[in-house]
Amino acid sequence: MTIIPKKSLGQNFLIDQNIINKISNLTKINNKIVLEIGAGTGNLSSGILRQSPKKFFAIEKDKKLFLNLQKQFNNKITFINDDILKFDEYSLSKDKLTVFGNLPYNISTEILSKWIINLKDDNFWFDSLTLMFQKEVANRIIAKFNTSSYGRLTVLANWKLDIEKICDISPSSFSPKPKVESSLLFFKPKKYFLKLKNSKNLEIITRTFFNQRRKMIKKPFNQLFNGDKQILERLNLNLNLRPQNLKLTDYYEIAYEYEKLSC
Ligand code: SAH
């Protein structure tokens, strides 16, 4: 069957066996339940399968690729023809899943945000995530404060996850070649993080602060807290700083204070 890659579904298939092996070998999975996001033509799936996971699920939105994958792998992998953005990850297993994905780049941040925002009762459905992003997005995820890549995505991603950059991957490892460099990131759930009643509050905070990146944080602070002096004292913020100068923990504490305002 000839496959014409769909740009709209971010179809850039991994073809570099070294990279496929590197990704598949990053964690021990022989007693694990694996979930792959966007199995595509099954190149990464084959690498993962060689590591003999206990059970292997893979989601693929493209119907044609899905049917092809089913034929290719018989019953060794359980393929699901669905959209990862609409899928309930908790429905697959009681055990934690080990996740792999050469993500469709147009929705990669949406996928990661969904996983952080939708964690039920802070109960992680995964034990690790090994994910490919375009390099620019990966840089935003792992950015340090006081840099221009630091922003909403950094604050959200680092809230509940420990993140490690594994390596950069060049366009020639894919077919068709993407226009941009890629980076492989490895995520693990954090044991300790500041718990919020509603994770949407952190989204509200980061949106309000980073909407005015170049302005001092006086304005968003006053907007959210009505200039409350006691809250300012508890947070110990210098209102003349810019959003990128605040540490991660500052943002989690701001969200915590914001949450206390509503019953
Ligand atoms: N893992 C494969 C393919 C990566 S390309 C490889 O490395 O070779 C990204 C894949 O994600 C494509 O196959 C694309 O069809 C699929 N995809 C795109 N949007 C999706 C979505 N919303 N849900 C599930 N899969 C999706």
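**Ligand contacts and domains**

Reader: What makes the pair between N102 and the ligand a polar contact?

Author: A polar side-chain atom of N102 lies 2.8 Å from an oxygen atom of the ligand. A polar contact is a pair of N or O atoms within 3.5 Å, so this pair counts. The model is predicted: local features need pLDDT of at least 70, side-chain atom pairs need 80 or more, and totals for chains, interfaces and linings use all residues. Residues are numbered from 1 along each chain as its sequence is written, and side-chain values use heavy atoms, without hydrogens and water.

Reader: Which backbone atoms make polar contacts with the ligand?

Author: A backbone N or O atom of L14 is 3.0 Å from a ligand oxygen. A polar backbone atom of K61 is 3.4 Å from a ligand nitrogen. The protein covers 99% of the 570 Å² of accessible area that the ligand has on its own (Shrake-Rupley method, 1.4 Å probe).

Reader: How do you know which residues are around the ligand?

Author: A residue counts if one of its heavy atoms lies within 4 Å of the ligand. There are 21 such residues; Q11, G38, E60, D83 and N102 come nearest.

Reader: What makes up this shell, by class?

Author: It has nine nonpolar, six polar and six charged residues. Asp, Glu, Lys and Arg count as charged, and Gly counts as polar.

Reader: Where do domain 1 and domain 2 lie in the chain, and how far apart are their centres?

Author: Domain 1 is 7-189 and domain 2 is 200-260, by an automatic or database assignment. Their C-alpha centres lie 32 Å apart. Their contact (heavy atoms within 4.5 Å) takes 13 residues from domain 1 and 15 from domain 2.

Key: A polar contact is a pair of N or O atoms within 3.5 Å; within protein, one must be able to donate a hydrogen and the other to accept it, and residues adjacent in sequence count only if both atoms are side-chain atoms.
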